[in-house]
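Okay, thanks for squeezing me in. Have a look at the screen, and I'll talk you through the parts I found worth showing.

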Amino acid sequence: MSLNAFILGATGLCGSGFLKVAEKSASFAKITTLTRRELPTQHSAKVVSIVNKDSETWGTLIPDEVNVFFSGLATTRGQAGSQENFYKIDHDMNVDLAKAAKAKGCNTCVIVSSAGANENSRLFYFRVKGEIEKDIIALGFDKTIILRPGPLLGDRGQNDKGFLNAASAKIGSYFYRSRLQGLVGHPVYGDEVAKVGVKLATDLTTTKKVQIVESAEILRLAKEQ
Ligand SMILES: NC(=O)c1ccc[n+]([C@@H]2O[C@H](COP(=O)([O-])OP(=O)(O)OC[C@H]3O[C@@H](n4cnc5c(N)ncnc54)[C@H](OP(=O)(O)O)[C@@H]3O)[C@@H](O)[C@H]2O)c1
């Protein structure tokens, strides 16, 4: 296989995981990242990094001949400043850029959503995640992989996500792969989420059009390889 990947959110926890895993994978010949700041680490020649601070223009920067679209692009309500801005970034950027990639012939979409995503939820965050899932599925990729992690674990470098996230990661790390992990939503490392996304994207044995992978299943599949 000689695939081209396009990654959004490559400076984030799951997005940098997609980059790491795809770079090591023989299935990918070329990986393009689109970020608003430089990637924090050096990469091999198969990685093309596009840095552009004006995300309004990103739809025009998607390269031709992309086969797999990966997204770990996301914000928090606090970082976005308002629910409206949160929706514009989390929902609109992901859906609009996936649509632009599909228009260029991309046939596989892998996005990181969240445990509890539900378009009918009373809670804004889970409702937005559910709407992203619904609108991505409606784009009709040949293969759509939706990853629904529980609390995310891993080194975030300079990307501080605030007190609540730090507390959730701290509690999650105590329960990670323990007998009681289900009580706190099956915490999982960003790198494990990425591993499973790349594995399913490059798995030719399944013809399922849409795969929604919950956190417990991500943990199981990540251990398998
Ligand atoms: N935190 C948790 O415990 C948890 C649990 C379940 C699900 N999730 C979900 O999992 C997904 C991945 O989360 P993560 O923790 O890997 O994310 P993350 O580390 O916060 O990374 C987010 C990425 O999105 C980029 N980004 C944010 N705002 C942007 C904007 N306005 N324009 C362009 N790029 C922007 C960031 O770029 P910069 O580096 O430039 O900021 C970064 O690359 C998210 O959908 C999140 O909601 C999180």
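Let me start with one serine. Ser 71 sits in strand β4. Please keep in mind that this is a predicted model.

Is Ser 71 buried or exposed? It counts as buried, because its relative accessibility is 1% and the cut-off for buried is under 20%. Its side chain comes to 3.1 Å from the backbone nitrogen of Leu 73. As for what Ser 71 touches, leaving out residues up to four places away in sequence, we get Leu 8, Phe 18, Asn 94, Val 110, Ile 111 and Val 112.

Asn 94 is on that list, so let's go there next. Asn 94 belongs to helix α3, which covers residues 83-103. It's buried too, with a relative accessible area of 5%. What do the polar atoms of its side chain find? One contact is the backbone oxygen of Leu 73, 3.1 Å from a polar atom of the Asn 94 side chain. Another is the backbone oxygen of Asp 90, at 2.7 Å from a side-chain polar atom of Asn 94. So Leu 73 turns up twice: its backbone nitrogen is reached by the Ser 71 side chain, and its backbone oxygen lies by the side chain of Asn 94.

Setting aside neighbours within four places in sequence, Asn 94 is in contact with Phe 69, Ser 71, Leu 73, Ile 89, Ile 132 and Ile 136. And if you like a distance along the chain versus in space: Asn 4 is 90 residues away from Asn 94 in sequence, and their C-alpha atoms are 19 Å apart.

Now zoom out to the sheet. It's open, with 7 strands in the order β3-β2-β1-β4-β5-β6-β9, and the pairing is parallel. Which strands are at the edges? They're β3 (47-51) and β9 (210-214), each pairing on one side only. From one strand to the next, the twist averages 15 degrees.

Let's stay at the β9 end. Strand β6, residues 143-148, runs parallel to β9, and 5 bridges join the two. Leu 147 has Val 213 in β9 as its bridge partner, and Arg 148 stands opposite Glu 214 of β9. The side chains along β9 alternate: Gln 211 and Val 213 point to one face and are buried, whereas Val 210, Ile 212 and Glu 214 point to the other and are not.

Next, the helices on the sheet. Helix α4, residues 124-137, packs there and touches β5 (108-112), β6 and β9, with its direction at about 170 degrees to that of β6. Helix α6 lies across β2 (28-35), β4 (68-71), β5, β6 and β9, at about 165 degrees to β6.

Last stop: α6 against α7. Helix α6 (190-201) packs on helix α7 (215-224) at an angle of about 75 degrees, with the axes 9 Å apart. That makes the two roughly perpendicular. Who makes the contact? From α6 it's Glu 192, Val 193, Lys 195, Val 196, Lys 199 and Leu 200, and from α7 it's Ile 218, Leu 219, Leu 221, Ala 222 and Glu 224. By class, that contact has 7 nonpolar and 4 charged residues, with no polar ones.

That's my tour, so over to you.

Note on methods: Residues numbered from 1 in each chain as written. Predicted model: local features only at pLDDT ≥ 70, side-chain atom pairs only at ≥ 80, totals over all residues. Heavy atoms only, no water. Axes fitted to C-alpha atoms, helices over the stretch in contact; angles between N-to-C directions. Helix = DSSP H or I, 4+ residues; strand = E, 2+ residues; numbered from the N terminus. Parallel < 35°, antiparallel > 145°, perpendicular 65-115°, else oblique. Contact = heavy atoms within 4.5 Å. Nonpolar A, V, L, I, M, F, W, Y, C, P; charged D, E, K, R; others polar. Pairing = 2+ DSSP bridges. Buried < 20%, exposed > 50% of the residue type's maximum accessible area, 1.4 Å probe, protein only. Polar contact = N/O pair within 3.5 Å; in protein donor to acceptor, adjacent residues only side chain to side chain.
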